[in-house]
Amino acid sequence: MLKNLQITVSIIGLAAAIVYILYFFRVIYHPYIPTISGGIVIFSYLFGVYAKKKQEQP
């Protein structure tokens, strides 16, 4: 279960990073994109760190 959740969260984080890159190159524009996608990327990273530590514990 944790592995599937980890994969799902990483895909969502990757999608948010792609949206932010599109915003950076002015392909899409909306004032809330940096805040939302930045928060999602940070959450994905922190969840990845948490899941890795959780898997290392017996």
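Rings of Phe, Tyr and Trp (its six-membered ring) pair if their centres lie within 6.5 Å; planes under 30 degrees apart count as stacked, over 60 as edge-to-face and the rest as tilted. The model is predicted, with local features needing pLDDT of at least 70 and side-chain atom pairs counting only at pLDDT 80 or more, while totals for chains, interfaces and linings use all residues. Residues are numbered from 1 along each chain as its sequence is written, and side-chain values use heavy atoms, without hydrogens and water.

**Exercise 1.** Count the aromatic pairs, then classify the pair of Y23 and Y29.

*Solution.* The ring rule gives five aromatic pairs. For Y23 and Y29, the centres are 5.8 Å apart and the planes make an angle of 20°, so this pair is stacked. Ring pairs also join Y20 to a cluster with Y23 and Y29. Burial (buried under 20% relative accessible area, exposed over 50%, partly exposed in between; 1.4 Å probe, protein chains only) is then assigned to each partner. Y23, at 15%, is buried; Y29, at 59%, is exposed.

**Exercise 2.** Find what the buried residues of α2 pack against, and place S44 in that picture.

*Solution.* Helices are DSSP runs (H or I, at least four residues), numbered from the N terminus. Helix α2 covers residues 33–56, and its 24 residues reach 34 Å from first C-alpha to last. Its buried residues are I33, S37, S44, F47 and A51, and they pack against α1 (2–24). S44 has a relative accessible area of 12%. Neighbours within four places in sequence aside, S44 is in contact (heavy atoms within 4.5 Å) with V9 and G13.

Terms used. Helices (H or I, at least four residues) and strands (E, at least two) are DSSP runs, numbered from the N terminus. The expected span of a helix is 1.5 Å times one less than its number of residues.
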